[in-house]
Amino acid sequence: MTRDSNDVSDWWTTEIIDMAPGQIRFRGHPVEELIGAVTFPQMIWLLTRGDLPTESQARLLECALVAAVDHGPQAPSIATARMAVTCGLGLNGAMASAVNMLDDVHGGAGEQAVEFYGWIDAAVQAGQPLDAAVPQMVDRWQAERGKFIPGFGHRFHKPEDPRAPRLLGLVDEAAAAGTVSGRYAAIGRTVQTVLNDRKGSPVPMNIDGATAVIYAELGFAGPLARGLFCLSRSVGVIAHAWEQMNQGGRNKGPTPPAYRWTYTGPDPI
């Protein structure tokens with residue numbers, strides 16, 4: 001078929017959506033058949049993965065999304081949203097400002113944890129016992145990526161992040177029902193044991209480590225784990241931004257005006 005040189009229909013190509021006047025299809029499904037028939041987590045799965053999940057898969061995904069919605073104004077992303085509103089930004093600007101804070105250190109640990117769990121799973125699938133693979137991969141991660149093991153440790157929740165055991169329990173239920181394998185939950189728990197033993201005190205699995213178990217169990221790629229965290233945390237972001245709009249305030253900085261920073265520059269000249 002010969003194409004006109006002015007034909008731009010292939011400038012963008014997508015398998016996600018097809019549209020014509022009076023017609024919208026997502027991955028081949030007419031939108032009118034999806035509305036009222038699928039949940040939002042199922043829709044997320046359909047658009048990112050290409051097919052519809054089972055109800056049990058979607059329920060487990062929803063649990064991870066619900067667990068990560070918010071962690072209070074002390075979280076940099078939430079504080080940013082609230083400060084943005086006091087500077088005059090609308091909800092969309094506040095949400096964009098907050099999501100842009102969710103990078104490698106604040107928000108990226110879920111993606112990293114999926115990758116880390118994948119290292120361990122690959123070693124186990126190659127025949128290495130789990131109890132031997134975990135400490136070896138902990139050593140490798142620390143040698144190659146730094147001392148912090150993604151998904152473990154929390155500056156506030158000690159000795160346990162209340163979200164982690166609940167999410168792991170739901171993974172156990174899903175594994176018992178045949179929805180997932182349960183092997184990533186075993187990996188996460190073994191990492192927890194190894195880190196606790198090495199430190200001599202609890203190193204809690206945090207929300208990133210727990211949701212990474214779920215995303216890995218469900219087959220999501222690591223980068224999608226980060227994107228899903230951003231999607232989940234956006235719920236808290238919009239709630240805090242809207243609350244701040246209703247509270248008012250102008251140009252609120254990260255600390256009250258009476259508090260000052262520590263100056264470390266040269267003495268006055």
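Glu-55 and Arg-59 both lie in helix 3, which spans residues 55-67, and they are 4 residues apart, about one turn of the helix. Helices here are DSSP runs of H or I with at least four residues, strands are runs of E with at least two, and both are numbered from the N terminus. I should say straight away that this is a predicted model, in which local features need a pLDDT of at least 70 and side-chain atom pairs count only at pLDDT 80 or more, whereas totals for chains, interfaces and linings use all residues. Residues are numbered from 1 along each chain as its sequence is written, and side-chain values use heavy atoms, with hydrogens and water left out.

Returning to helix 3, Glu-55 forms a salt bridge with Arg-59, and the closest N and O atoms are 4.0 Å apart. The criterion for a salt bridge is a side-chain nitrogen of Lys or Arg within 4 Å of a carboxyl oxygen of Asp or Glu. Glu-55 counts as exposed because its relative accessibility is 58%, while Arg-59, with a relative accessible area of 48%, is partly exposed. The cut-offs, with a 1.4 Å probe and protein chains only, are under 20% relative accessible area for buried, over 50% for exposed, and partly exposed in between.

How many salt bridges does a search of the whole structure find? That search returns 12, and I will pick out two further pairs. Arg-189 and Asp-172 form a salt bridge in which the closest N and O atoms are 2.7 Å apart. Because Arg-189 lies in helix 9 (residues 183-199) and Asp-172 in helix 8 (residues 163-176), this pair ties together parts that are 17 residues apart in sequence. Arg-189 is partly exposed at a relative accessible area of 35%, and Asp-172 is partly exposed as well, with 32%.

The other pair is Arg-226 with Glu-111, whose side chains meet in a salt bridge at 2.6 Å, N to O. Here distant parts of the chain are linked, since Arg-226 is in helix 11 and Glu-111 in helix 6 (residues 109-125), 115 residues apart. Arg-226 is buried, with a relative accessible area of 16%, whereas Glu-111 at 22% counts as partly exposed. Salt bridges that share partners join these two residues with Asp-103 and Asp-104 into one network.

Now to the aromatic residues. In general, a pair of aromatic rings is described by the distance of the centres and the angle of the planes. The rule applied to Phe, Tyr and Trp (its six-membered ring) is that centres lie within 6.5 Å, with planes under 30 degrees apart called stacked, over 60 edge-to-face, and the rest tilted. The structure holds 5 such aromatic pairs. The rings of Trp-45 and Phe-220 have centres 5.1 Å apart and planes at 75 degrees, so this pair is edge-to-face. Trp-45 belongs to helix 2 (residues 40-49) and Phe-220 to the loop between helix 10 (207-217) and helix 11 (222-247), so that the pair links distant parts of the chain, 175 residues apart. Both of these residues are buried.

Phe-116 and Tyr-117, also both buried, form a tilted pair, 6.4 Å centre to centre with 35 degrees between the planes. Ring pairs link Phe-116, Tyr-117, Trp-119 and Trp-141 into a cluster. Two arginines sit over rings of that cluster, taking as the test that CZ of Arg, or NZ of Lys, is within 6 Å of the ring centre and within 35 degrees of the ring normal. The charged end of Arg-140 is 3.6 Å from the centre of the Trp-119 ring, and that of Arg-145 is 4.7 Å from the centre of the Trp-141 ring.

What does Met-137 touch, not counting residues up to four places away in sequence? Counting contact as heavy atoms within 4.5 Å, Met-137 touches Phe-116, Trp-119, Ile-120 and Ala-123. Met-137 lies in helix 7 (residues 130-144), and at 7% relative accessibility it counts as buried.

Finally, helix 2 once more: its buried residues, among them Met-43, Ile-44 and Trp-45, pack against strand 2, strand 3, helix 1 (31-34), helix 3 and helix 11. Helix 2 is followed by Gly-50, whose phi is positive, near 100 degrees.
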